[in-house]
Amino acid sequence: MSLIHSSFYRFTPVPDPTAFADWLREAGAGLGGVVLVASEGLSAALAGPAELLARFEAALQEQPGFAGLHFKHNDCERPPFSRLKVSVKREIVAFGIPGVSGGEASDTHVSPQRWRELLDDPDTVVIDNRNSFEFKLGRFRGALDPGVNHFRDFPAYVEARRDDWQGKTVAMYCTGGIRCEKTAAWMQARGIKVAQLDGGILNFLAAFPDAARDWEGECYVFDKRIAIDAQARETGTTAEQVFTDPADAWRLARARRLDP
């Protein structure tokens, strides 16, 4: 059986998140994954048989606000999830600053091809917009680690350095792109020239057979696979190998719950 992993998000008004979550549970029957729904939109990672997943994706795009949704796919050797969990949240990604929504930045998205050019540009500062444990496992060449343990810590890192970044392009990336959607407009408003990798690391790995030229190490994924390499293949890395810091004990426990 061909198993496909699909990750996607969209910032779009959801008038009744609870009702939408009920629809998602019904439409996604037979799939596994994690789905977050809020009034600001939807974020999801799902996996299952190719035909079943394709039917779900087609049905989702018929819902108001979700036409033309971009799905990032890769093959799986085993089911990444044990069940389907759909949750209603205040935000689909918690930034910690009231009033900041995603998708409001202008002219900040860059293609994987353009991203490669930025990595070679001396006037570019490359920032990893993920948690520090993810950076340690793998990163783009030349990227800086902000050293944050939670997304809500990222704004303080930016504020402390924005004067140093004047005249430069701050190119940032995350796993699937959603964190950058929240930070891009906020950073633009602070006078920072921003470039965000469209679709994140996953989109970049899918775009280039030679992605290892720019991507060093492994990419952490929040499912049973734990990590994938530059060809988006499961690596065999365990949660115990990723979460060695005692402060990350709760993350290790969470990863273990994914694979009972």
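Strands β7 and β9 (residues 169-173) run parallel to each other, joined by five bridges. This is a predicted model, and the pair makes a good entry point for a friendly tour. From there we can look at an open sheet of five strands, two helix pairs, and a handful of loop residues.

**Strand β7 and its partner**

- Within the pairing of β7 with β9, D128 has Y173 of β9 as its bridge partner.
- All five of the five residues of β7 are buried, so this strand is largely enclosed by the rest of the structure.
- The side chains of T124, V126 and D128 point one way from β7, while V125 and I127 point the other way.
- That arrangement fits a general pattern: in a regular strand, side chains alternate between the two faces of the sheet.

**Just after β7: N131**

- Moving on along the chain, N131 sits in the loop between β7 (124-128) and α4 (132-137).
- Is N131 buried or exposed? Its relative accessibility is 5%, and because buried means under 20%, N131 counts as buried.
- Setting aside residues up to four places away in sequence, N131 touches V148, N149, H150 and F151, together with R179 and R251.

**The five-stranded open sheet**

- The strand order in this open sheet is β4-β1-β3-β2-β5, and the pairing is mixed.
- The edges are held by β4 (72-76) and β5 (84-88); each has a single partner strand, so one side of each is left without a neighbour in the sheet.
- On average, neighbouring strands of this sheet are turned by 15° against each other, with direction ignored.
- Strand β2 (residues 32-38) and β5 run parallel and are joined by five bridges.
- Opposite V35 stands V86, a residue of β5.
- Helix α6 (residues 178-188) packs on the sheet, where it touches β1 (3-11) and β3 (41-49). The direction of α6 makes about 20° with that of β1.

**Helices α5 and α6**

- Besides packing on the sheet, α6 packs with helix α5 (residues 154-161) at an angle of about 30°, and their axes are 12 Å apart.
- Angles under 35 degrees count as roughly parallel, which makes α5 roughly parallel to α6.
- The crossing of α5 with α6 is right-handed.
- On the α5 side, the contact is made by F154, P155, V158 and E159; on the α6 side, T183, W186 and M187 take part.
- Sorted by class, the α5 contact with α6 has five nonpolar residues, one polar and one charged.

**Helices α1 and α2**

- Helix α1 (residues 17-27) and helix α2 (residues 50-60) cross at roughly 150°, and their axes come within 10 Å.
- How are α1 and α2 oriented, roughly parallel or roughly antiparallel? An angle over 145 counts as roughly antiparallel, and α1 and α2 are therefore roughly antiparallel to each other.
- Here too the handedness is given: α1 passes α2 in a right-handed crossing.
- F20, W23, L24 and A27 of α1 make the contact with F56, A59 and L60 of α2.
- The residues of the α1 contact with α2 divide into seven nonpolar, no polar and no charged.

**E40, between two sheet strands**

- E40 lies in the loop between β2 and β3.
- With a relative accessible area of 12%, E40 is buried.
- Which residues does E40 contact, leaving aside neighbours within four places in sequence? The list is R10, F11, T12, E91, I92, V93, S101 and K182.
- Between the C-alpha atoms of E40 and F204 there are 26 Å, and the two residues are 164 residues apart along the chain.

**Loop residues with positive phi**

- I226 has a phi near 70°, a positive value in a residue other than glycine.
- I226 is placed in the loop between β12 (219-220) and β13 (227-228), and its relative accessible area of 6% makes I226 buried.
- A232 has a phi near 65°, again a positive value in a residue other than glycine.
- The loop between β13 and α8 (239-242) holds A232.
- A232 counts as buried, at 18% relative accessibility.

Note on methods: Residues numbered from 1 in each chain as written. Predicted model: local features only at pLDDT ≥ 70, side-chain atom pairs only at ≥ 80, totals over all residues. Heavy atoms only, no water. Helix = DSSP H or I, 4+ residues; strand = E, 2+ residues; numbered from the N terminus. Buried < 20%, exposed > 50% of the residue type's maximum accessible area, 1.4 Å probe, protein only. Contact = heavy atoms within 4.5 Å. Pairing = 2+ DSSP bridges. Axes fitted to C-alpha atoms, helices over the stretch in contact; angles between N-to-C directions. Parallel < 35°, antiparallel > 145°, perpendicular 65-115°, else oblique. Left-handed = near helix turned anticlockwise from the far one by under 90°. Nonpolar A, V, L, I, M, F, W, Y, C, P; charged D, E, K, R; others polar.
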